[in-house]
Amino acid sequence: MNYGHFDDKKREYVIDRPDTPLPWINYLGCEAYFGIISNTAGGYSFYRDARLRRLTRYRYNHVPFDFGGRYIYLRDNSTGKFWSPSWQPTQHDAEEYSCRHGMGYSIIGSTFNKIKAETLYFVPLGENLEIWQLSVTNLSKKARYLSVFSSIEFCLWDAQDDSTNFQRNFSTGEVEVDDGVIYHKTEYRERRDHFAYFACSEKLAGYDTQRDVFLGAYRSWNKPSAVERGRSFNSMAHGWAPIGSHHVKLNLKAGETRIVTFVLGYHENPKDKKFDPPDSQIINKRTVQPVIKKYLNPITVQAAFDSLRSYWEKILDLYQVQTPDKHTNRMVNIWNAYQCMATFNMSRSASFYESGIGRGLGFRDSNQDLLGFVHMVPDRARERILDLASTQLETGGAYHQYQPLTKRGNNDIGGDFNDDPLWLIIGVAAYLKETGDWSILDAPVPYDNKSGSEMPLYEHLERSLKYTLDRLGPHKLPLIGRADWNDCLNLNCFSDTPGQSFQTTTNKDGKVAESVFIAGMFVLAAHELADIAERRGLNTNAAGYRRAAEKMDSTVHTHGWDGEWFLRAYDDFGKKIGSKECEEGKIFIEPQGFCILAGIGLEDGLAKKALDSVNKILATSHGIMLQQPAYSKYYLNLGEISSYPPGYKENAGIFCHNNPWIIIAEAMMGNGDRAFDYYLRINPSAREKIGKLHRCEPYVYAQMIAGRDAPTHGEAKNSWLTGTAAWNYFAVTQFILGVRPTYKGLMVAPAIPTKWDGFSVSRIFQGVCYNISVKREGKGNKVRLMVDGLAVEGNIIPKPPSGVTQVAVQVLLN
Ligand code: BGC
Ligand code: NOJ
C-alpha cells in the first residue's frame with residue numbers, strides 16, 4: 001500500500017494522505033539551525049544542539065505520536081469554521097492533502113472549504129532561522145473573509161530541564177512583543193545571551209504568548225479558544241508556557257492568492273550589548289531587526305529558496321548514476337546521499353526516535369558517517385575529524401559521545417567501547433582517499449581537549465591502533481571492553497538490576513571477554529594505517545602495522561573461526577559466542593562482514609564459506625538478520641542483546657547497518673548478483689510497495705527491520721539516524737557500482753548483477769568530472785578501461801594533468 005510517490009525530477013517525496021503509519025519526517029537546516037518536520041508539520045527546532053538550545057517544545061511519546069509543531073490555523077470568519085491546512089492538529093478531512101518533502105524543505109498543505117493553503121518550510125543557508133511561507137488561495141466564486149493564526153510553543157532552552165523541572169520553569173518564562181514580533185527571552189535576564197523570535201509579514205490583528213490563554217482551560221491545540229472565537233487575546237506570558245501566535249486577517253477575492261510569511265529564529269547578542277537601553281532589561285533588538293526585515297520580504301525568501309535548491313543540486317551532482325534499476329538510481333542520486341547529510345548533521349542525536357536529550361555525537365557513529373558524506377562536504381568532514389580526534393584520550397581510547405555545542409567528551413557515557421578508536425583510522429583513511437589532503441595528518445590535535453596536549457593527528461591514529469594491541473585477551477584477540485560495534489553485547493556487565501543502563505554499567509574490568517569483530521576491524525585499520533604510513537615514507541612504521549595485521553589475521557584463523565563461519569566473541573568465562581556449540585546465537589553477522597572487509601579468508605575459502613552460511617542462516621526476504629537463533633531468554637553474561645524480545649533490535653533483528661558489510665563482502669568476492677539482491681531487500685524505495693508492513697518512510701533507511709523471530713517480521717523502526725545510510729551509500733556506490741576513490745586515482749571495479757547491460761556514472765573527484773560508462777560484454781567483472789579514448793592497464797583511472805576538468809571513461813566488463 002502506498003501513502004505517496006517519488007517525484008524524482010523534483011527530488012521530492014510526495015505524501016498524499018496525512019495518516020501515514022508513522023510520522024514521515026524531513027530535516028530543515030544543514031548548518032547550525034535545524035528543524036525536524038513531519039508530514040503534518042509536527043516536530044521541533046533547535047540551534048546546534050538539540051538538548052541545550054531547543055527553540056520549540058516537543059512532548060515525547062505523546063498520543064498521537066506526531067503532535068506539537070509548526071501549526072497554522074485558518075478560520076472562515078463568515079461561518080466560524082476553522083481548520084489546519086497541515087491536517088494536524090484539527091484533523092479535518094481535506095479535499096486534497098499533500099506533503100512534499102524535498103532537499104532541506106517541506107511543502108505541506110491541503111484544500112478545505114474551497115480554500116487551498118500550503119506552507120513552504122525551510123531554513124535559508126547561512127541563517128539561524130526558519131521560514132514558513134504560507135500561500136492561501138480562494139478557489140470559490142465569492143469573496144472570503146479569513147483569519148490566519150500561527151502557533152508554536154517555546155521550549156525553555158534545555159530540553160531535558162524543560163520537560164522535568166516544572167517548579168522552576170513555571171515561573172521563569174518571559175517574552176516581549178514589539179512591532180508585531182514575538183520575542184522569547186526566558187533566562188535572558190540572567191546568563192543567556194540568546195533569544196528566539198517569531199515574526200510575521202502582515203499587519204497583526206492580535207497575538208498571544210501565554211499558552212493557556214490562547215488555548216483556554218482544558219483545551220488542546222485542536223480547538224484553541226482564540227481560533228474558535230476568531231480573535232487573539234493579546235496575552236503576555238509571565239511564567240507558565242510561553243508560546244508565539246500571530247493573528248492576521250485575510251480578505252480574499254474569488255480566485256485570489258495571498259502570501260503570508262512567518263520567520264522563527266534564534267539570535268545571540270554580544271554579552272555587553274544585551275539590553276537596550278543598556279541599563280534596562282529589554283532585549284537589544286537592533287542586531288536582529290535587519291535579519292527579520294530581510295526575510296519578511298518575499299523576494300528575499302524566493303532568492304534564499306533558490307540558493308538552497310542549487311546548494312543541494314551541487315552536492316548531489318557529485319555522484320549521479322543511471323542504472324537499469326530505478327530504486328538504485330533514486331536512492332543513490334537523491335535520498336541516500338541526502339540521508340548521509342542528515343546523519344552527518346545529527347549523528348544519532350535528534351529524530352522522532354532519538355530524543356535529542358540523550359545522545360550527543362557518537363565517536364564510532366560519526367566516523368562511520370564520514371564514509372557517506374566526505375565527498376559532499378570535505379571541509380566539514382575535516383573539521384569533524386579534528387573535533388572527534390580532540391576528544392580522544394591519551395591512552396588512545398575515546399569518549400563514546402561528545403556534545404555538539406561544547407565539543408567536549410561526554411562524561412556521563414564515558415568510554416571503554418574498545419572498537420571506538422579504530423573507527424578514527426577508517427574515517428581518516430576515507431577522507432584522505434577522497435580529498436588527497438595529507439596536511440590533515442600534521443594538524444595539531446589535543447587529547448581530551450586539554451590545551452598543551454596537542455599532537456599531530458597521525459599520532460592519534462597510531463595510538464588508536466596501539467589501544468587495541470595494549471588490550472589483548474587470553475587468545476590474543478582484542479578485549480571487548482564495555483562493548484564493540486554491537487552496543488548490546490555487554491560481556492562484562494552482568495547486570496541483574498532492573499532498569500540499570502547496560503550502556504553505562506561495567507561490573508568487571510574485563511580481562512577475558514574478547515571480540516572477533518574488533519580483530520577484523522583491527523586488521524582492516526592496521527592495513528589502512530600502513531597504506532598511509534607508506535605514502536608518507538614511514539616504511540618501518542608501515543611494516544610494523546602490517547606485521548600486527550598479519551598476526552591478528554592468523555589469530556583469527558586459529559581462534560576466531562568456527563568451521564563454517566567466523567566466531568563472534570569469547571565471553572567472560574572464555575566460552576564461545578556465535579558458535580555452533582552455542583544453543584542460541586550460533587552465528588552473528590558482524591564478524592562475517594568485517595573479517596572479510598579486512599581481507600581475512602579471501603584466499604583460503606573461509607570468506608566464501610562464511611558468506612554461504614550467512615545466506616543459508618541469516619538472510620530473509622526483508623534483509624539479513626544480526627544473529628540466529630535469537631536469544632529466547634535473558635543471559636546474564638551477554639547483557640542487553642538478550643534483553644530484547646526475539647527478532648527485535650540487536651537480538652536477531654535485521655539491523656540494517658551491517659547488511660552493507662555483507663553486500664561489500666559479496667561484491668569483493670565478485671558476486672554482483674547476490675550483492676545486489678541483498679541491497680534491494682532493504683532499499684527503502686524498493687520496499688515502498690509494502691508500506692503498510694514496513695511503516696517507516698520509503699525514502700530513507702531505518703535502523704532496523706524486525707527479524708524472522710518477531711511477530712511483525714518486515715516492520716521497520718528508527719528511521720533516519722542510522723549508520724545504514726553511510727554504509728549503504730558506500731556499498732552501492734563504491735562496491736556494487738564500484739567507483740571507488742583510491743590514493744592513486746578513481747578505481748572502477750563494478751560487481752553488478754549479471755543481467756544488467758551496463759550503467760553510467762558521473763562522479764566529481766578532486767575537482768575533475770569523470771563521465772564513466774560501463775558496458776557489460778560477458779558475465780564476469782573483469783574491467784577493460786579506456787580513458788579519453790586510450791586503453792589503460794588495470795582498473796584505476798590515472799589522475800589527469802592539472803587543468804583538465806572532464807574525463808570520459810569507457811569500461812567493458814567481461
Ligand atoms: C540500542 C543500541 C544503541 C544503544 C546506545 C541500545 O539500547 O539497542 O542500538 O546503540 O542503546 O544508545
Ligand atoms: C546504534 C549505535 O548508534 C551504534 O553505535 C551501534 O553500533 C549500533 N546501535 C549497534 O548496537
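**Two ligands, one helix and the nonpolar cores**

Good morning. I begin with ligand 2, where one of its oxygen atoms is 3.0 Å from a polar backbone atom of Asp 487. Please bear in mind that this is a predicted model.

Two side chains also approach ligand 2. An oxygen atom of this ligand is 2.7 Å from an N or O atom in the side chain of Asp 365, and an oxygen atom is 2.5 Å from an N or O atom in the side chain of Glu 650. The residues around ligand 2 include Arg 348, Arg 359, Arg 364, Trp 485 and Asn 486, together with Phe 655 and Gln 703.

I turn now to ligand 1. Asp 487 appears here again, this time through its side chain, in which an N or O atom is 2.5 Å from an oxygen atom of ligand 1. For Tyr 644, the corresponding distance from a side-chain N or O atom to an oxygen atom of the ligand is 2.6 Å. Lys 649 places a polar side-chain atom 3.1 Å from an oxygen atom of ligand 1. Among the other residues surrounding this ligand are Arg 359, Cys 488, Gln 503, Glu 640, Glu 650, Phe 655 and Gln 703.

Let us move to helix α6, which runs from residue 298 to residue 316. At its start, a side-chain oxygen of Asn 297 comes to within 2.9 Å of the backbone nitrogen of Ile 299. How far apart should the ends of α6 be, at 1.5 Å a residue? The 19 residues should span 27 Å, and the end C-alpha atoms are indeed 27 Å apart, so the two values agree.

Which residues of α6 are buried? They are Thr 300, Val 301, Ala 304, Phe 305, Leu 308, Tyr 311, Trp 312, Ile 315 and Leu 316. These residues cover an arc of only 145 degrees around the axis, and therefore lie on the same side of α6. On the other side of the helix, Ile 299 and Lys 314 are exposed.

Finally, the nonpolar cores. In soluble globular proteins, nonpolar side chains tend to be buried together. The largest core in this model has 243 residues, of which Phe 594, Ile 772 and Ile 797 touch the most other members. Helix α12, residues 516–535, supplies the largest share of this core, with 14 residues. Leaving aside residues up to four places away in sequence, Phe 594 touches Trp 423, Ile 426, Phe 517, Gly 520, Met 521, Leu 524, Trp 661 and Trp 727. Apart from the largest core lies another, of ten residues, among them Phe 82, Phe 214, Trp 221 and Ile 243.

Thank you for your attention.

Key:
Residues are numbered from 1 along each chain as its sequence is written. Chains are lettered from A and ligands numbered from 1 in the order in which they are written. This is a predicted model: local features need pLDDT of at least 70, side-chain atom pairs count only at pLDDT 80 or more; totals for chains, interfaces and linings use all residues. Side-chain values use heavy atoms; hydrogens and water are left out. A nonpolar core is a set of buried Ala, Val, Leu, Ile, Met, Phe, Trp, Tyr and Cys residues joined through side-chain atoms within 4.5 Å. Buried means under 20% relative accessible area, exposed over 50%, partly exposed in between (1.4 Å probe, protein chains only). Helices (H or I, at least four residues) and strands (E, at least two) are DSSP runs, numbered from the N terminus. Contact means heavy atoms within 4.5 Å. The expected span of a helix is 1.5 Å times one less than its number of residues. The arc is that of the directions from the helix axis to the C-beta atoms. A polar contact is a pair of N or O atoms within 3.5 Å; within protein, one must be able to donate a hydrogen and the other to accept it, and residues adjacent in sequence count only if both atoms are side-chain atoms. A residue is near a molecule or strand if one of its heavy atoms lies within 4 Å of it.
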